[in-house]
Amino acid sequence: MFQDIRLRTLIALLVCLAGLYFLIPSVVPNLPDPLKNLFMKRKIQLGLDLQGGMHLIMEVDTQKAMESTMERFANNLKESLMARKIKFRNVERTGGTLISLDLATTEARSEFEKILMDQYPDLEVKSSEIVEGRERVILQAKEKRVADMKRAALEQSVETIRNRVDQFGVTEPEIVPQGDDRILIQLPGVKDPKRAVSLIGRTALLEFKLLDEENSLDQAIKGNVPPGDILARGARVDQRTGQRSESYYLLKEKTLLTGQNLEYAQVKISDRFGEPYVSIKFDSQGAKDFDRITSENVGKRLAIVLDGIVHSAPVIKERISGGDAQITGTFTPDEARDLAIVLRAGALPAPVKILEQRTVGPSLGQDSIDKGIIATIIGGILVFVFMVIYYKLSGVVANIALFLNLILLLGAMAAFEATLTLPGIAGIVLTIGMAVDANVLIFERTREELRLGKSPRASIEAGFTKAFLTIFDSNLTTLIAALFLFQFGSGPVKGFAVTLTIGLVASMFTAVFVSRIIFDYFAWNRKIQKLSI
Amino acid sequence: MLEFIRSDTKFDFASKMKMAVIGSLVLILIGAASIIYHRGLNLGVDFAGGALIQLKFQKESSVDRIRSALEDAKIENCFIQQFGSRDSNEYLIRTAEAGIDLKEFSDRIESALTSIFGQGSYEVRRIETVGPKIGKDLTQKAIMALAFAWIAMLVYVGVRFEFRYAVGGILALVHDVLVTVSVLSLLNMEFTLNTVAALLTIIGFSINDTIVIFDRIRENLRKNVKGDLRQIVNVSVNQTLSRTILTSFTVFLVLVALLALGGPVIFDFAFTMFVGTIAGVYSTVFIASPFVLAMERYFPSRGRRNK
């Protein structure tokens, strides 16, 4: 039996040392250098509710993404048809995600079908009818491709947002797609949540459009927008008051160039007024287009439109080659910097909407940690004292088990790099309350056996054996509940489920295995006659 | 040997079942009436959608002053309350209005407060905005989690014990959740994600208690196959009574620590657990085990007869 105890003690010691080994980096943040390399870098992670930060769930408007994809298809189709000299009319996107076009003759139809098959495998003919001698064809995206396109829009959005956040400078952000059209974003330690949201959430679609100077702006504001034109708001900010005043521009609907052809964007400070502006450089295709556009439109005004809002509409004084341009406006330095970031990172394929936002300030997080730790310590002390009063020396054994349980729980959390949240701290406190349950079960059972007149050794034996199955059954059901909690919960609640689960498993080990060793040692080696229980 | 509960108690729990069931039903009915009176549960932003802002002022302020500041800025239909202890100067501003621009909403509140109280006179400690879609998702998830937890327990207890035990155990769990929700509604406390987490934990703890007693009933049945089930249930509940009370007591100790020291954010969670733990002990003793007995009366188990 002594051999057996030694072996079990060895196992228990090894497990506890492993717990300590993993725990130390989390508890002692600044280990001296030679020691530092001995330990793993793994630490208990703090949840956003404890360290402060922002949790966002965004929804990508995948329908809009589909629409703009179809718009692109329609434009390409136009060019393909022209290249093949097929007579057509009115290629346009209709009813959201359909393309309608009129073919001049029925002969053109077979030609057209060939182009469709060769160059547009994603599209198919939805319906066709003869209208006034012409064949009207309605196209749609193939059903199985629609899901792919939406998926692509989601992934591209995640990628773009990740780029923006990286350039914004947040340590260890988490940006992952969720479901069909959602993105989960966790930004620990963000100091300016408002700025972060506007950086992440804006579409950042940069467009260059010509101003319509022939038609009346006043008429358009009254509602008579000429066909082929759009009315856009301007971003004019009063220098002195900072108030945004309403101003309007009448633009040609056609987009000449977009931010897709940008190579670079950078904040610069103007020499004359010391105002920040964003300097952009087009890639080779963009530069070529820009050259052509400026040379064709000298003397006209070119509007720089960001997300539908006109930032400036300078007069094209001369042809601009080389592909350099400037976006000026009334920016604060931060605004200019953020604009450069979003232009570099690229536009989102579709608008995004905030479905959920939770921000916790760092001071609240620190408060929660402080209060949580105090509650845990006081709760722990209360249970420790109670156990000693009620069970005397056996209570001390239970407390040793309880203490080891805490070390194992925290060590395991560090080893798994689990996230500690505020409800998670509550989970630790509750684990303390619950972990003694196993010992209470064993002790009550042992007391019963003692009352029957059995020897201490036999009573311990019976107490542990009989209580074990009960402990196992009851803990397993709690584990089931914790499992569903994990499934259900997001963030903080998940952290609670994690601590609860690890705490339960650890308590099985410490209460049943470790405390048994101590009892066996006294009962078998010291042959005690009376049990202090 | 220190004992809270004498080892030779002989309470006749089985005979109290009718009273206990009536008592619980009355409480649950009052709870239901309260839910109807309050027009549903007091759902927090997690489930109802809306926005919540937690502010800490440098100097003393009051709910009325904040309200008038918001009203000056034409922000109405807000629920404002003091948060945490009286001297911490912390306030919660909540709106349940769905369909408004949630981001703009928090900006408007901040600019309204800044114009009245001045820049830097307060600190935004927490902002939570939940759109109606997410609120609906979370509600659905919460209900599913509770339901599946019940079903999983039913299956587990059914496999490890007998089906009749499982039904008794689950009834006790449903009872615990209903009673807790009733009390929360009576006190008009907010129903948040943490509340659901607490309810799921209560389910886990309560079934734990129940299983300990079932285990003892099973053990005593094996020892005494021909014995009167009523007596065996009573003896088993009495034998495990000290353990039931002790364990709940240690859980109470830590819950009291959490309630008193854990801070206002965790208070609701701890309070829900507190109510649920009481309901759990009560249902374990007075509902779950006597139910097994009642089942025996109407559907005698063949297994026991044949032995």
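**Close-up views of a two-chain predicted model**

**View 1. Helix α7 of chain B, taken from a predicted model.** Helix α7 (residues 193-223) of chain B has 31 residues, which at 1.5 Å a residue should span 45 Å, and this agrees with the 46 Å that separates its end C-alpha atoms. Of the 31 residues of α7(B), 25 are buried, so the helix is largely enclosed by the rest of the structure.

**View 2. The open sheet to which both chains contribute strands.** Eight strands, in the order β7(A)-β8(A)-β2(A)-β20(A)-β4(B)-β1(B)-β3(B)-β2(B), form an open sheet with antiparallel pairing. Its edge strands, each of which pairs on one side only, are β7 (174-178) of chain A and β2 of chain B. On average, and with direction ignored, neighbouring strands of this sheet are turned by 20° against each other. Where the chains meet within the sheet, β20(A) and strand β4 (residues 122-130) of chain B run antiparallel and are joined by five bridges, and A:T359 has B:I127 in β4(B) as its bridge partner.

**View 3. Helices that lie across strands of the shared sheet.** Helix α11 of chain A lies across β20 of chain A together with β4 of chain B, and runs at about 90° to β4(B). Helix α5 (residues 132-160) of chain B lies across β2 (53-60) and β20 of chain A together with β4 of chain B, in this case running at about 70° to β20(A).

**View 4. The contact between chain A and chain B.** Chain A brings 57 residues to this contact and chain B brings 55 residues. On the side of chain A that touches chain B, at least two residues each are supplied by β20 (352-360), α11 (362-415), α12 (422-451), α13 (456-488) and α14 (492-525) of chain A. By class, this side of chain A has 34 nonpolar, 14 polar and nine charged residues.

**View 5. The β2-β3 pair of chain B and the loop between its strands.** Strands β2(B) and β3(B) run antiparallel and are joined by five bridges, with B:L92 in β3(B) as the bridge partner of B:Q81. The loop between β2 (79-83) and β3 (90-95) of chain B holds B:N89, a residue that has a positive phi of about 55° although it is not a glycine. B:N89 counts as partly exposed, with 19 C-beta neighbours inside 10 Å.

**View 6. A loop residue of chain A with a positive phi.** A:K85 is not a glycine, yet its phi is positive at about 60°. The residue lies in the loop between α4 (62-83) and β3 (88-94) of chain A, where A:K85 is exposed, with 8 other C-beta atoms within 10 Å.

**View 7. The six-stranded open sheet of chain A.** The strand order is β13-β10-β18-β17-β9-β14 (chain A), and the pairing is mixed. At the edges are β13 (248-252) and β14 (257-258) of chain A, each pairing on one side only. Strand β10 (residues 229-234) of chain A is joined to β13(A) by five bridges, the two running antiparallel, and A:D229 has A:K252 in β13(A) as its bridge partner.

**View 8. Contacts of B:A20 with residues distant in sequence.** B:A20 belongs to helix α1 (residues 17-37) of chain B and is partly exposed, with 17 other C-beta atoms within 10 Å. Although B:A20 and B:F286 are 266 residues apart in sequence, their C-alpha atoms are 6.2 Å apart in space. When neighbours within four places in sequence are left aside, B:A20 is in contact with B:F286 and B:I287.

Conventions. Residues numbered from 1 in each chain as written. Chains lettered and ligands numbered in written order. Predicted model: local features only at pLDDT ≥ 70, side-chain atom pairs only at ≥ 80, totals over all residues. Helix = DSSP H or I, 4+ residues; strand = E, 2+ residues; numbered from the N terminus. Buried ≥ 20, exposed ≤ 12 C-beta atoms within 10 Å, placed from the backbone. Contact = placed C-beta atoms within 7 Å. Nonpolar A, V, L, I, M, F, W, Y, C, P; charged D, E, K, R; others polar. Pairing = 2+ DSSP bridges. Expected span 1.5 Å × (residues − 1). Axes fitted to C-alpha atoms, helices over the stretch in contact; angles between N-to-C directions.
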